[in-house]
Amino acid sequence: MGMTMTQKILAAHAGLDSVEAGQLIMAKLDVVMANDITGPMALPIFRQMAGKVFDKDKVVLVPDHFTPNKDIKSAENSKAIREFAREQELSWYFEQGKSGVEHAILPEAGVVTAGECIIGADSHTCTYGALGAFSTGVGTTDVSTGMATGELWFKVPGAIKFVLKGKPGDYVSGKDIIIHIIGKIGVDGALYKSMEFTGDGIENLSIDDRFTIANMAIEAGAKNGIFPVDGKTEEYLKEHCKKEYKVYTADEDAVYDQIVEIDLGEVRPTVAFPHLPGNAKTIDEIEAMEPIKIDQVVIGSCTNGRMSDLRKAAAILKGHTVHPDVRVMVVPATQKIYKQCIAEGLLDIFVDAGCAVNTPSCGPCMGGHMGVMAAGEKCVSTTNRNFVGRMGHVESLIYLASPETAAASAIAGYIANPEKIGGDRV
Amino acid sequence: MKALGHVFKYGDNVDTDVIIPARYLNSFDAEELASHAMVDIDPEFAGKVQPGDMIVANKNFGCGSSREHAPLCLKTAGVSCVIAETFARIFYRNAINIGLPIIECPEAARGIEAGDEVEIDFDNGRIYNRTKGTEFQGQAFPEFMQELIVAGGLVNYTNRNK
């Protein structure tokens, strides 16, 4: 019986010729990652199991959630993983000022690559599937075990195949596509499964678009999301990563639980309404409603804080000013992206428009700091979750959107159609 | 192994952000986390929950973040079991790893209401609703999983069996 791309990677890491959905396997891990929320909690568990990490080049720590530290407790947590990284002589510890949001910095710094088996104690670890890796989020006990042993058990997932066709229109990007997909299949539509993206439409998606799409696979309940490796992937890896990589392709006769076809040309700018990422509404449906006035806009995160995201937002904001009733936070996802924004004049555009530009951090996305909302406030955010209370008060509302829609809304003061505000296309 | 308690009932897609909001994640002290359990969906939960009480919910319980703080805060608050139609996968793994019993049973999820008194026999997977006099068949817990839960989670279980 044929295997999916995910199944092939898992089989190879379990030392097996083949695996099938539902099979329990023990797989070798290429990267084990934790952050400043899950890492400190993992350390006492790790110490019960081992003195040394299984491989100092494969255990990665990224303080990014409450950093720069927002209070004493979070400072103590960051200190704990910093000291652990030094003690264990970890090759990959990303300190503030040289760091960024974990799922942006790991690919950028070349820590992750195609064909690998990766776990991270953060649910959005599925992001690296964009590069053709098997990558999934786990909890603290699992990540502690991974740090100690370099192995973890998995149940081999079944799969949904998404056949992407055609080319997305102007002002439609990865975020619109993934919200459209989650709207179609539901927030548990891919529960326990892998989302395998295929089809000739993929060649029309940038690597940043693919990161955005794979990042939100978890919002459909998936174990992982994965893209095939093509010319664009290899170009990206050549630029960022020194590690050798392996290309896996799905068998012709691989078994899928479901096949979903998506015509990218028909996807509209799409927004997820409170309180689920699957509450998808197209910009046309939104324009037929009473305008939804907003108080805050966040452009950043592991979903949409990359260079092409910020270029798209800047193209729309250029020459405009933010609506007087709206506060905007732009959060470049890494220091390198931040610097590139300076080099390209994007920071001037953001600041001149009236945006606050934050240092790289997860901060506002999970109501951590730097952008927490009060009761009754509404936010258009390029982040990935719009659950109750996610960005602050339980009575605040989050609308998930693309950088283009977020930028257009910042100018308009309500959820707005980026096609109508315009701006240079990037 | 058995459990007996009253039920707190919730709907679909109870996410880990409402089970334990990120604003409390600057700590991983289990007691402190438990004092904030479910605060954004049910502010009275932490004050009302008694040892042995259960949570019954519909689809996709525990979706969202990978924070193990979520099952940990429920277990520490006294929750003896979570019954749901389905669980999100990371929560499922985390719950077992820290020794919080969970049962997927759509019939029980639909047939149990808030405040019902429920008895669970983990040996045979029987869920008995004492208030309504109805019974449901969930999956029995294999012996190793019961031992894991008695040990207090995977780490203690592994250390004990070294």
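Here are some exercises with worked solutions on a predicted model with chains A and B.

**Exercise 1: Walk across the sheet**

Work out the strand order of the open sheet in chain B, and find which strands stand at its edges.

*Solution.*
Step 1. Start with the order: the seven strands of this open sheet in chain B run β4-β3-β2-β1-β5-β6-β7, and the pairing is mixed.
Step 2. Now look at the edges. β4 (102-104) and β7 (134-137) of chain B each have a single partner strand, so one side of each has no neighbour in the sheet.
Step 3. Going from one strand to the next, the twist averages 25°.
Step 4. Zoom in on one pair. β3 (residues 81-84) of chain B runs parallel to β4(B), and three bridges join them. Here you can spot B:Val82 opposite B:Ile102 of β4(B).

**Exercise 2: Where the chains touch**

Describe the contact between chain A and chain B from the chain B side.

*Solution.*
Step 1. Count the residues: chain B puts in 33 and chain A puts in 36.
Step 2. Find the helices and their shares. On the chain B side, α1 (16-19), α5 (89-98) and α8 (154-160) each supply at least two residues. The largest share there, six residues, belongs to α5(B).
Step 3. Sort that side of chain B by class: you get 12 nonpolar, 12 polar and nine charged residues.

**Exercise 3: Two domains in chain A**

Find the two domains of chain A, then say how they meet.

*Solution.*
Step 1. Mark the bounds. The domain assignment gives domain 1 as 5-264 and domain 2 as 272-421 of chain A.
Step 2. Check the spacing: the C-alpha centres of these two domains of chain A are 24 Å apart.
Step 3. Count the contact, which takes 35 residues from domain 1 of chain A and 34 residues from domain 2 of chain A.
Step 4. Look at the domain 1 side. The elements giving two or more residues are α4 (102-108), α6 (174-185) and α7 (207-215) of chain A. With six residues, α6(A) has the largest share of that side.
Step 5. Sort the domain 1 side by class: 11 nonpolar, 15 polar and nine charged residues.

**Exercise 4: Backbone oddities**

Locate two cis peptide bonds in chain A, then decide whether A:Met370 and B:Met38 are buried or partly exposed.

*Solution.*
Step 1. Keep the usual picture in mind: most residues other than glycine have a negative phi, and most peptide bonds are trans.
Step 2. Take one cis bond. The peptide bond from A:Thr67 to A:Pro68 is cis, with omega near -15°. A:Pro68 sits in the loop between β3 (59-62) and α3 (72-87) of chain A.
Step 3. Take another. A:Pro274 and A:His275 are joined by a cis peptide bond with omega about 0°. You'll find A:His275 in the loop between β12 (270-272) and β13 (280-282) of chain A.
Step 4. Turn to A:Met370, a non-glycine residue with a positive phi, near 60°. Its place is the loop between β16 (356-357) and β17 (378-381) of chain A. A:Met370 has 19 C-beta neighbours inside 10 Å, so it counts as partly exposed; being buried takes 20 or more.
Step 5. Do the same for B:Met38, which also isn't glycine and has a positive phi, near 65°. B:Met38 is in the loop between α2 (30-34) and α3 (45-48) of chain B. With 25 C-beta neighbours inside 10 Å, B:Met38 counts as buried.

Conventions. Residues numbered from 1 in each chain as written. Chains lettered and ligands numbered in written order. Predicted model: local features only at pLDDT ≥ 70, side-chain atom pairs only at ≥ 80, totals over all residues. Pairing = 2+ DSSP bridges. Helix = DSSP H or I, 4+ residues; strand = E, 2+ residues; numbered from the N terminus. Axes fitted to C-alpha atoms, helices over the stretch in contact; angles between N-to-C directions. Contact = placed C-beta atoms within 7 Å. Nonpolar A, V, L, I, M, F, W, Y, C, P; charged D, E, K, R; others polar. Buried ≥ 20, exposed ≤ 12 C-beta atoms within 10 Å, placed from the backbone. Domains from an automatic or database assignment.
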